Amino acid sequence: MGGLQAFLLPAALILLTASLSECELKCQPHHSGPSYDSLQEVFDRKPFRPAVNLSNPTSANISFTLYAVLGVNEKTQILTTFLWLRMYWFHEFLIWDPDICDGVTKISLPVNNLWMPDIIVYEFVDDDVSQACPYVYVNHTGHIRYDRMLRLVSACNLEIFSFPFDIQNCTFTFGSYMHTIKDVRVKTALPFDQMSDNSKRYLEASGEWELVVILGEEGILKFGIDEWDIITFWVVIKRRPILYVVNLLIPSSFLMIIDILSFYLPPHSVDRASFKMTLILGYTVFLLIMNDLLPSTANGTPIIGIYFSVCLALMVISLLETVIITNVLHHNSMKYRDVPHWVQVVVLKYIGRLICYKWPEEMPKSEVTKTDSNDPWTINTSHTTSSQLSANSVCLSGGVAVPELVEICEDLRAMRSHLNVLQHAERLQDQWCHVGYVLDFLLFRIYLIIITCYALVIISMWSIWMYH
């Protein structure tokens, strides 16, 4: 038995050597490179996979350089890029001896005359309109190098919530369309970090997008009983936000600052309402002009769009608050309505303490209703009654009424009544003014808190973008 194995092993080596020698291309004397006849034999075998033993899979290696990001369509969730694709595979029928073939180690051949692996990108969603290279380089060892430019239109799950400080992670999956793992093995030609570094050199000054990193992983795709070799690349890109900061955030911030400063106008001023209406009109025109810069998608709304909507809503609310306060200060005070008790408790007491509102100390009710005897314009009832009685007694003394004294008494009573009405109206007007000022300060504080929170969110998103 041992003698039989010793006989079969040399025989197998001899047969393998003979088969490989038959696969080598022939060269003619005084001609550089393989002969045309031997190459034509290889061209005739184009429909068949170039393997002496079909049970052995053909190895294909892939690498690419991301040259440009041509467009990002958030509405259709499509990423358009431009790649420099390089692919290697082993052709067992394109082998020759450089010593016999006048030292030629590499030749170029038409790609249409050779078998090539059917490597595709699984995320491809459009026709390839890029120009294909018609030739390949063939090494004397049988390794083929194929370079081509690829305009890749691929599907990508785009997240626009953090626009314009968004970072997108798109996937490129390379693999054979028909050949399983038993026929074609797909591997990377370069390390992933080297492909990332090469792409960064070309994307440094490439428009709106900047490459963060290219990651990858080799895996196997299983579908039923079949398996395919795949390479998954994760292309991480981030947007350069300076265009949107200058055209969107800064003008909107200026308008919001002007609206905040409008709170320092008197609440009962008519000019304040007209000023706020002008601001709302200007902000609406600004949003209509800049609407084309905002991405639109059915999956969500960017936070900057929510910010603009909230700013517009705050402007409208501040205008409504100005109208309400104007109505409170003018309408209620002119009708001499008393401030309801619940308004005094909720607004003047609790809300006033919450916003640290300070107003002049009010006089107690006993002091408010009490008349000042020293005030020459205040008529005391007791004094008036006694003086009226004395005047009546004087007027009626001797049974004769003095008309002049009666007229003076009536005038004094009318003056006293009018002064009491004016004092009551002034007191009510002061109370309603305090209610209006407290509500105005409350909305002003809420306005500042919301704007500050949004500003902090945007600054933190910018910081995260710079960190990446």
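The questions and answers below walk through a predicted model, from one helix to its strands, salt bridges and backbone.

User: In helix H4, at which residue does the bend of about 30° fall?
Analyst: Helix H4 covers residues 242-261, and its 20 residues reach 27 Å from first C-alpha to last, which is close to the 28 Å expected. The helix nevertheless bends by about 30°, and a proline, Pro251, follows within four residues of the bend. The residue at which H4 bends is Leu249.

User: Is Ile250 in H4 buried, partly exposed or exposed?
Analyst: Ile250 lies in helix H4, where buried residues include Leu248, Leu249 and Ser252. Ile250 itself belongs to a nonpolar surface patch of about 820 Å², made together with Ile242, Leu243, Val246, Phe254, Ile257, Leu261 and Tyr264. Buried would require under 20% relative accessible area and exposed over 50%. Because its relative accessible area is 36%, Ile250 counts as partly exposed.

User: In which sense do strands E1 and E8 pair, parallel or antiparallel?
Analyst: Strand E1 (residues 58-73) is joined to strand E2 (residues 78-90) by 12 bridges, and these two strands run antiparallel, with Ile62 having Met87 as its bridge partner in E2. Strand E8 (residues 184-188) pairs with E1 over 5 bridges, and there Ser59 stands opposite Arg185. The sense of the pairing between E1 and E8 is parallel.

User: Which residue in the turn of the E1 and E2 hairpin has a positive phi?
Analyst: The hairpin formed by E1 and E2 has 4 residues between its strands. Most residues other than glycine have a negative phi. The residue in question lies in the loop between E1 and E2 and is buried, because its relative accessible area is 14%. With a phi near 60°, a positive value in a residue other than glycine, this residue is Gln77.

User: How many residues apart are Glu74 and Arg239, whose side chains meet in a salt bridge?
Analyst: Side chains of opposite charge can pair when their charged atoms come close. The side chains of Glu74 and Arg239 meet in a salt bridge at 3.2 Å, N to O; this pair links distant parts of the chain, with Glu74 in the loop between E1 and E2 and Arg239 in strand E10 (residues 226-239). Both of these residues are buried. Their separation along the chain is 165 residues.

User: Which strand holds Lys187, the salt-bridge partner of Glu218?
Analyst: The side chains of Glu218 and Lys187 meet in a salt bridge at 3.8 Å, N to O. The pair links distant parts of the chain, 31 residues apart, with Glu218 in strand E9 (residues 209-223) and Lys187 in strand E8. Glu218 counts as partly exposed because its relative accessibility is 36%, and Lys187 counts as partly exposed at 31%. The strand that holds Lys187 is E8.

User: Which proline follows Phe163 through a cis peptide bond?
Analyst: Most peptide bonds are trans. The bond that follows Phe163 is cis, with omega near 5°, and the proline it leads to lies in the loop between strand E6 (143-155) and strand E7 (167-176). That proline is Pro164.

Terms used
Residues are numbered from 1 along each chain as its sequence is written. This is a predicted model: local features need pLDDT of at least 70, side-chain atom pairs count only at pLDDT 80 or more; totals for chains, interfaces and linings use all residues. Side-chain values use heavy atoms; hydrogens and water are left out. The expected span of a helix is 1.5 Å times one less than its number of residues. The bend at a residue is the angle between axes fitted to the seven residues ending there and the seven starting there. Buried means under 20% relative accessible area, exposed over 50%, partly exposed in between (1.4 Å probe, protein chains only). Two strands pair if DSSP finds at least two bridges between them. Patches are made of residues with over 30% relative accessible area and no salt bridge: like charges are joined within 9 Å, nonpolar side chains (Val, Leu, Ile, Met, Phe, Trp, Tyr) within 5 Å. Accessible areas come from the Shrake-Rupley method with a 1.4 Å probe; for residues, only the protein chains shown count as cover. A salt bridge is a side-chain nitrogen of Lys or Arg within 4 Å of a carboxyl oxygen of Asp or Glu.
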